[in-house]
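Welcome! Here is a short tour for anyone meeting this structure for the first time. Take a look at the sequence and the model, then read on.

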Amino acid sequence: SSTGEEPYTLIMVLEEFRKRYPNLKYNLLASDVSLRVMQTAYNGIYTVDKIAGINNELKRNYFLRSKIQQELVRIKPQFRRNVTYKRINLINDSFGLHPHGFDVIFCRNVLIYFDKQRQESVIRKFAAHLRPGGLLFLGHSESIMGMDVPFKQIRPTTYQRIG
């Protein structure tokens, strides 16, 4: 989750998609090893410059401007409530989650900090938590090439769980 930009971007994309497909239901779990950054994400408060690249309609729909500090915005409460936060250490934890419970996992630009053996271990844990056919999105500097894991690449940085 880092400081929340990624999960809230996903919320905006999903909510915009739901305008066309009102039956869409989703749950979003955001995680990080750092409680400090997860607290920032949970609060959903950012400086105006952080959202400068977002179009005005999306800003109006998803953010509230601070009445006290004009340079701050906050994700609207109904969207903050759509994200659950959990501290997960990808190296040590089994994640404490139900196996095969996810349709999609985004893990972008995290594996680059691990050696190849730990990367493969983490990817195997992701496989255990994805439903068959589920998708795994990695960062552009990350790959599963040469790993013995149950995924096939379907696009650059996008892998589908097989089996």
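## Around F126

Let us start with one side chain. Leaving aside residues up to four places away in sequence, F126 touches L90, F95, I105, C107, L136 and F151. Please keep in mind that this is a predicted model.

## Two nonpolar cores

F126 also has a place in a wider group. The largest nonpolar core has 19 residues, and those touching the most other members are L90, I123, F126, L136, L138, I144 and F151. Three elements each give two or more residues to this core: β6 (102-107), α5 (116-129) and β7 (130-138). Which element supplies the largest share of this core? That is α5, with 4 residues.

Another core lies apart from this one. This other core is made up of 17 residues, and Y8, M12, Y62 and F63 are among them.

## A three-stranded sheet

Now for the strands. In what order do the 3 strands of the open sheet run? The order is β2-β4-β3, and the pairing is antiparallel. At the edges are β2 (45-47) and β3 (63-65), each of which pairs on one side only. On average, neighbouring strands of this sheet are turned by 35° against each other, with direction ignored.

You can follow one of these pairings in the model. Strand β4 covers residues 72-75, and β2 pairs with β4 in the antiparallel sense over 3 bridges. To find a bridge yourself, begin at I45: the bridge partner of I45 in β4 is R74.

Definitions and conventions: Residues numbered from 1 in each chain as written. Predicted model: local features only at pLDDT ≥ 70, side-chain atom pairs only at ≥ 80, totals over all residues. Heavy atoms only, no water. Pairing = 2+ DSSP bridges. Axes fitted to C-alpha atoms, helices over the stretch in contact; angles between N-to-C directions. Core = buried A, V, L, I, M, F, W, Y, C linked by side-chain atoms within 4.5 Å. Buried < 20%, exposed > 50% of the residue type's maximum accessible area, 1.4 Å probe, protein only. Contact = heavy atoms within 4.5 Å.
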